[in-house]
Amino acid sequence: MDTVATTDFIHVYEPGADAGRPPLLLLHGTGGDERDLLGLGRAVAPGASLLSPRGRVLEGAMPRFFRRLAEGVFDEEDLRRRTHELADFIGWARQRHGLPAPLAVGFSNGANIAASLLLLRPEALAGAALLRAMSPFAKPPTADLGGKRVLVLSGAMDPIVPAGDAQRLARTLSASGASVDHRILPAGHGLSQGDIGLLTGWLGQA
Ligand code: MLT
């Protein structure tokens, strides 16, 4: 698979006042854009720099980070290609803004590409909070995730992500050496106050 070297992502970069906080890479869900998670990022990590790209794939009019063949059925070749594009963009943004590796905060489709980044380009991220994530690969690649922290927040009533799927992802990441905290909340696919509280606490330990 070719690595596509591109830095051509529509994005927002907000420098943070607190250099001690790791920057956040905000990855929106299907139909979102680069502005969607800025408020969440400011709320859960005050003072952190925020880097928020818009997914480059369009499903109808809805931006996404990679193609899918049906709901929950991913085009894995496209996923790999888009993951490398995003990792290259992160590298470019880090150089341009003088940033350490960010912590990803991804929701839904954004969480799925964050999981793919961890597995395919682990150097791109310091860790990740995966909100309503699924296993991005049928057969996950092996990766060395030693030293990386991952928070997986699932909804017990999520109609899009089967419970076993998020568990499989958490097991894969853990078997790859990441320190994984997987919580299942009494929620659906949307985020709840419980998510915000857990995310804020987890980021506070970074
Ligand atoms: C995906 O396509 O990444 C997942 O089905 C979640 C979604 O975006 O609906």
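**Exercise 1. Work through the salt-bridge network that links Arg-56, Asp-78, Arg-81, Arg-82 and Glu-85, looking at how Glu-85 pairs with Arg-81 and with Arg-82.**

Keep in mind that this is a predicted model.

Step 1. Start with Arg-81. Its salt bridge to Glu-85 has the closest N and O atoms 3.6 Å apart, which fits inside the 4 Å cut-off for a salt bridge.

Step 2. Check where the two sit. Arg-81 and Glu-85 are four residues apart in helix 2 (residues 76-97), so about one helical turn separates them.

Step 3. Now take Arg-82. In its salt bridge with Glu-85, the closest N and O atoms are 3.3 Å apart. This pair is three residues apart in helix 2, again about one helical turn.

Step 4. Ask about burial. Arg-81 has a relative accessible area of 32%, so it is partly exposed. Glu-85 comes out at 1% and therefore counts as buried. Arg-82 is buried as well, like Glu-85.

**Exercise 2. Find out which parts of the chain the salt bridge between Asp-88 and Arg-121 links.**

Step 1. Confirm the pair: the two side chains meet in a salt bridge at 3.0 Å, N to O.

Step 2. Place each partner. Asp-88 belongs to helix 2, while Arg-121 lies in the loop between helix 3 (109-120) and strand 9 (127-131). The two are 33 residues apart, and the pair links distant parts of the chain.

Step 3. Look at accessibility: Asp-88 and Arg-121 are both buried.

Step 4. For the wider tally, the structure holds 14 salt bridges.

**Exercise 3. Describe the surroundings of Asp-195: is this residue buried or exposed, and what is it in contact with beyond its sequence neighbours?**

Step 1. Locate Asp-195 in helix 5 (residues 193-204).

Step 2. Read off the accessibility. With a relative accessible area of 1%, Asp-195 is buried, because that is under 20%.

Step 3. Skip the neighbours within four places in sequence, and you're left with contacts to Arg-132, Leu-153, Leu-185 and Gly-190.

Step 4. Pick out two of these. The side chains of Asp-195 and Arg-132 make a polar contact at 2.8 Å. Leu-153 is 42 residues away along the chain, yet its C-alpha atom is 6.9 Å from that of Asp-195.

**Exercise 4. Characterise the largest pocket: how much space lies in it, and which residues are closest to its centre?**

Step 1. Get the volume: about 170 Å³.

Step 2. Go to the lining, which has 15 residues; Thr-30, Arg-68, Ser-108, Ile-160 and His-189 are the closest to the centre.

Step 3. Sort the lining by type: five residues are nonpolar, six polar and four charged.

Definitions and conventions: Residues are numbered from 1 along each chain as its sequence is written. This is a predicted model: local features need pLDDT of at least 70, side-chain atom pairs count only at pLDDT 80 or more; totals for chains, interfaces and linings use all residues. Side-chain values use heavy atoms; hydrogens and water are left out. On a 1 Å grid over the protein atoms alone, a cavity is a set of points where a 1.4 Å probe fits but cannot get out, and a pocket is an open set with protein on both sides within 12 Å along at least five of seven lines; lining residues have an atom within 4 Å of a point. Grid points are joined across faces, edges and corners, and a volume is the space filled by probe spheres set on the points. Ala, Val, Leu, Ile, Met, Phe, Trp, Tyr, Cys and Pro count as nonpolar, Asp, Glu, Lys and Arg as charged, and the others, Gly among them, as polar. Buried means under 20% relative accessible area, exposed over 50%, partly exposed in between (1.4 Å probe, protein chains only). Contact means heavy atoms within 4.5 Å. A polar contact is a pair of N or O atoms within 3.5 Å; within protein, one must be able to donate a hydrogen and the other to accept it, and residues adjacent in sequence count only if both atoms are side-chain atoms.
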